Amino acid sequence: MSTMPALELNSVSKSYGRIQALNKVSISISDSEFIGLLGQNGAGKSTLFQLLTGLFSADSGDIKVYGDDIRIAPIKVLSKIGVVFQQSTLDLALSVQDNLHFHCMLHGLGRKQAKQRIQEELERFGLSDIANKPARSLSGGNRRKIELLRALLHRPSVLLMDEATVGLDPESRLSLLNHVTSLCKERGLAVLWCTHIVEEVQAADRVIVLDKGNVLAESSPLSLVENSAIQTDSLASAFLQLVSNNNYMPGVVACE
């Protein structure tokens with residue numbers, strides 16, 4: 001594994017007119033780290049993911065994957081990133097197999113290699129029996145698993161999960177979370193799990209609290225609770241206390 005950060009953001013800012021969506025956000029994630037990005041609606045999470053996936057460019061600051069800058073080498077950087085977006089991106093008219101083959105084709109995988117990887121991943125996820133079913137026939141949980149499986153086919157080093165459990169029932173949500181946690185450790189993936197559901201980041205290596213475009217805190221879940229200004233043993237209470245009293249001052253970050 002590399003000693004260089006898998007994903008590194010340095011003072012990244014983005015504005016839309018007068019609206020400051022992100023204000024000098026810095027994040028560093030290493031191999032095998034599961035990082036929870038926690039924020040309410042309007043915190044800047046979606047903007048951050050748009051920058052990370054190359055949909056938009058930052059106004060200032062750097063985004064690097066293993067030292068490669070997304071501005072200078074976008075194709076090289078994006079080839080190392082797997083993404084599951086908040087909104088489903090499966091073609092519902094195609095079969096599961098065809099959706100997966102199309103992703104492989106976009107990433108330049110040959111037919112033989114693509115077939116082998118698809119088969120391996122379907123077996124790993126226990127989904128081989130739905131390979132030929134149309135995507136529209138799948139449950140919400142299985143659609144998400146297929147999107148996760150698809151994001152792994154080109155063997156990324158960084159996995160971005162953008163509110164990926166929205167609309168899922170509690171059982172499906174937990175199943176997806178457990179899958180990603182296992183992948184993080186088994187494959188050395190650097191994972192950035194974006195959510196507004198506090199329970200999903202209880203076991204994260206670190207939690208980053210984003211609010212109004214600013215990083216308010218970055219620490220282990222336990223430290224976030226222990227350093228809360230109110231007496232609590234709840235990560236949810238510590239999080240809500242932070243965002244409700246957001247008197248953000250540049251350079252002041254509650255760290256472990």
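Me: Leaving out residues up to four places away in sequence, which residues does Glu 33 touch?

Reply: In this predicted model, Glu 33 touches Ser 28, Cys 184, Leu 189, Ala 190, Val 191, Asp 205 and Arg 206, once residues up to four places away in sequence are set aside. Glu 33 itself belongs to the loop between strand E2 (19–29) and strand E3 (34–38).

Me: Is Glu 33 buried or exposed, and how does one decide?

Reply: The general idea is a cut-off, since a residue counts as buried when its relative accessible area is under 20%. Glu 33 has 17% relative accessibility, and therefore it counts as buried.

Me: How should I read the protein as a whole, and how many helices and strands are there?

Reply: The protein has eight helices and 11 strands. Its radius of gyration is 18 Å, close to the 18 Å that the globule rule gives for 256 residues, so the protein is as compact as a globular protein of that length. The C-alpha trace spans about 55 × 40 × 35 Å along the principal axes, and 50% of the 256 residues count as buried.

Me: What share of the contacts with a separation of 6 or more joins residues 24 or more positions apart?

Reply: Such pairs account for 69% of those contacts in the protein. As for the outside, the accessible surface comes to about 12,400 Å², and 50% of that surface belongs to carbon and sulfur atoms. The charges can be read through their mean positions, which lie 7 Å apart for the 25 positive and 27 negative charges.

Me: Which residues of helix H3 are buried?

Reply: Helix H3 covers residues 96–106, and its buried residues are Val 96, Asn 99, Leu 100, His 103 and Cys 104. Seen down the axis of H3, these buried residues fall within an arc of 135°, so they line one face of the helix.

Me: What covers the buried residues of H3, and which exposed residues sit on the face turned away from its buried side?

Reply: The cover includes helix H4 (111–124) and helix H5 (140–152), whereas the face turned away from the buried side carries the exposed residues Met 105 and Leu 106. H3 is followed by Gly 108, a residue with a positive phi near 75°.

Me: What is the usual sign of phi in residues other than glycine?

Reply: Most residues other than glycine have a negative phi. Against that background, Ser 11 is worth reading with care, as its phi is positive and near 50° although Ser 11 is not a glycine. Ser 11 lies in strand E1 (residues 7–16), and with 33% relative accessibility it counts as partly exposed.

Glu 163 can be read in the same manner, with a positive phi of about 50° in a residue that is not a glycine. Glu 163 is placed in the loop between strand E7 (158–162) and helix H6 (170–187), and its 6% relative accessibility makes it count as buried.

Me: Where is Ser 26, and what does it contact beyond its neighbours within four places in sequence?

Reply: Ser 26 is in strand E2, and, with those neighbours left aside, it is in contact with Leu 9, Asn 10, Ser 11 and Glu 218. Distance along the chain and distance in space are two separate readings, and for Ser 26 and Val 12 they are 14 residues in sequence and 6.5 Å from C-alpha to C-alpha. Ser 26 has a relative accessible area of 33% and is partly exposed.

Me: How far apart are Leu 22 and Gly 126 in sequence and in space?

Reply: Leu 22 and Gly 126 are 104 residues apart in sequence and 39 Å apart in space, taken C-alpha to C-alpha. Leu 22 is a residue of strand E2 and is buried, with a relative accessible area of 0%. Beyond residues up to four places away in sequence, Leu 22 touches several others, among them Val 12, Leu 48, Leu 51 and Leu 210.

Me: Which helix holds Leu 235, and how far is Leu 235 from Val 198 in space?

Reply: Leu 235 is found in helix H8 (residues 235–244), and its C-alpha lies 7.1 Å from that of Val 198, with the two positions 37 residues apart in sequence numbering. Leu 235 is buried, with a relative accessible area of 3%. Apart from residues up to four places away in sequence, Leu 235 touches Val 198, Val 201, Gln 202, Pro 221, Leu 224 and Val 225.

Note on methods: Residues are numbered from 1 along each chain as its sequence is written. This is a predicted model: local features need pLDDT of at least 70, side-chain atom pairs count only at pLDDT 80 or more; totals for chains, interfaces and linings use all residues. Side-chain values use heavy atoms; hydrogens and water are left out. Buried means under 20% relative accessible area, exposed over 50%, partly exposed in between (1.4 Å probe, protein chains only). Helices (H or I, at least four residues) and strands (E, at least two) are DSSP runs, numbered from the N terminus. The arc is that of the directions from the helix axis to the C-beta atoms. Contact means heavy atoms within 4.5 Å. The radius of gyration is taken over C-alpha atoms; the globule rule is 2.2 Å times the number of residues to the power 0.38. Accessible areas come from the Shrake-Rupley method with a 1.4 Å probe; for residues, only the protein chains shown count as cover. Lys and Arg count as positive and Asp and Glu as negative; His and the chain ends are not counted. The place of a charge is taken as NZ of Lys, CZ of Arg, CG of Asp or CD of Glu.
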